[in-house]
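Biologist: Please take a close look at a single part of this model, the packing of one helix against another, and then place it in its surroundings.

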Amino acid sequence: MDRESTRAEELDRDGDLPFEPYRVKVVERIHRVPRQQRRRLLAEAEYNVFKIPSSAIYIDLLTDSGTSAMSDRQWAAMMTGDEAYAQSRSWDDFERTIREITGYRHVIPCHQGRAAENLLFGTLLDETHVVPNNIHFDTTRANVEFRGAVALDCVCDEGLDPDLEAPFKGDMSLVKLEQAFEKYGQRIPLVMLTITNNSGGGQPVSLANVRAVREVCLARGVPLYLDCARFAENAWFIKRREDGQRDRSIAEIAREFFGYADGCTMSAKKDALVNIGGFVALNDEKIAECLAARLIIQEGFPTYGGLAGRDLAAVAEGLREVLDEEYLTHRIEQVARLGARLDEHGVPYLRPAGGHAIYLDAKRMLPHIPPNLFPGVSFAAALYLEAGIRACEIGSLMFEHADPDTGETVAPEMELVRLAIPRRVYSHTQLDYVADSCARVRDLGERLQGLEIVWQPMALRHFLCRLAPHGGGELIEP
Ligand SMILES: *Cc1c(COP(=O)(O)O)cnc(C)c1O
């Protein structure tokens, strides 16, 4: 990391971690239900934490998606949202803000990121196609595969080494990308880059990498799209870690990387600081027309796309707020601080800390549980049982897939447990409790059992599958 000094520089200049740049105006009561009850609920949920009622969760780190606390300004915008079916004032604000931030001409609203993916891939992909990405997020992979196409991950090798400290582990490997073009040629209709790289540890992509990927795409005559759910967090990392970027604003940096691409899909549930929303933005008029036509069938009229006017208004305000560097510094430092506390306990996680989450290394903590018994899922289940905390596996349950050439089942490189931090929601004290609880679960060691799948649906199985402890006993052996 530029590299020694980066970590120190990311701390507040006075040597303190920055305070929350906000104060609390509304609170929501949370409860820690008794252990006995957590045990029953976990068994009833068949060890799938997606099925545990939220009222029985003490600290919910399942996702940072749609879980942000909105600001007073966003709530005010919601109250004055314009609910006209067509051409509402809120749509104007939404479209103008996205055009300003991205520089793209056409904006297609939709209710969340996967709807944006479905629209774009439904228009551009067929079963002969191959889509390179640094690492496809789960819904992105599913939407590519649903068209019968192949989702190809091309992240740099550094991005696959959980222990390596490097500034831009989300970068795409240009070698792997060139190899993909050599091998698949015309079968590649577009390239995607996920910023930050959610499935690879929330690691950022450098401006230099976006520019280089752009060059490859130009040479091949193929468009580049950004999966930009966390574009502002990515821009913050560029500002702090990339040479020559220190004096630029978050907005300037973002505008530069958007400029290297032809369009983007966004889940507004992340960096737009809202509970629902998304969009596709792009320059190509023909494609935009196709998307709009499809949108009317799937989501709604092109000036609301499955959202209420007030939702559009909250997205527009959230997109302006997320560019605030002080907010971003606090946000990303909060995640780094959780990492530092885990370091004190010697709990291993993917390094360095990501922008929105810590990814615990379950493979390392539970070497006795093989990938086909899902060490990450087992850890997440135990974290709920022990502490009432909900986290999400990012490993074999989520990402095991068939090799495109041989058809054999391939496990992902890493078995991770993601502690995703909702924006503007939890305090440092609450996150200290999380770190301490993770250490307690790690200390269970071989008492913790793997899990077997009892039933699974045809796609995105981690959301709905049912599991049971391997060997028919307890999740945690006495
Ligand atoms: C969340 C996410 C998506 C999907 O968005 P939804 O709003 O959950 O449908 C796509 N890509 C990335 C990188 C994401 O983090």
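Modeller: Two helices count as roughly perpendicular when the angle between them is 65 to 115 degrees. This is a predicted model. In it, the axes of helix H9, residues 231–241, and helix H13, residues 325–345, cross at roughly 90° and come within 10 Å. H9 and H13 are therefore roughly perpendicular to each other. On the H9 side, the contact is made by Ala-232, Glu-233, Trp-236, Phe-237, Lys-239 and Arg-240. H13 contributes Glu-325, Leu-328, Thr-329, Arg-331, Ile-332 and Glu-333. By class, the residues of this contact between H9 and H13 comprise six charged, five nonpolar and one polar.

After H9 comes a loop that leads to helix H10, residues 250–260, and Gln-245 lies in this loop. Buried means under 20% relative accessible area. Gln-245 has a relative accessible area of 8%, so Gln-245 is buried. Leaving aside residues up to four places away in sequence, Gln-245 touches Leu-207, Ile-238, Lys-239 and Ile-253. Lys-239 is also one of the H9 residues in the contact with H13.

As for the wider setting, the protein is divided into domain 1, made of 4–60 and 325–472, and domain 2, which spans 72–321. The centres of the two domains, taken over C-alpha atoms, are 25 Å apart. Between them, 37 residues of domain 1 are in contact with 42 residues of domain 2. About 3400 Å² is buried between domain 1 and domain 2, and carbon and sulfur atoms give 53% of this area.

Key:
Residues numbered from 1 in each chain as written. Predicted model: local features only at pLDDT ≥ 70, side-chain atom pairs only at ≥ 80, totals over all residues. Heavy atoms only, no water. Axes fitted to C-alpha atoms, helices over the stretch in contact; angles between N-to-C directions. Helix = DSSP H or I, 4+ residues; strand = E, 2+ residues; numbered from the N terminus. Parallel < 35°, antiparallel > 145°, perpendicular 65-115°, else oblique. Contact = heavy atoms within 4.5 Å. Nonpolar A, V, L, I, M, F, W, Y, C, P; charged D, E, K, R; others polar. Buried < 20%, exposed > 50% of the residue type's maximum accessible area, 1.4 Å probe, protein only. Domains from an automatic or database assignment. Buried area = accessible area lost by both parts, 1.4 Å probe.
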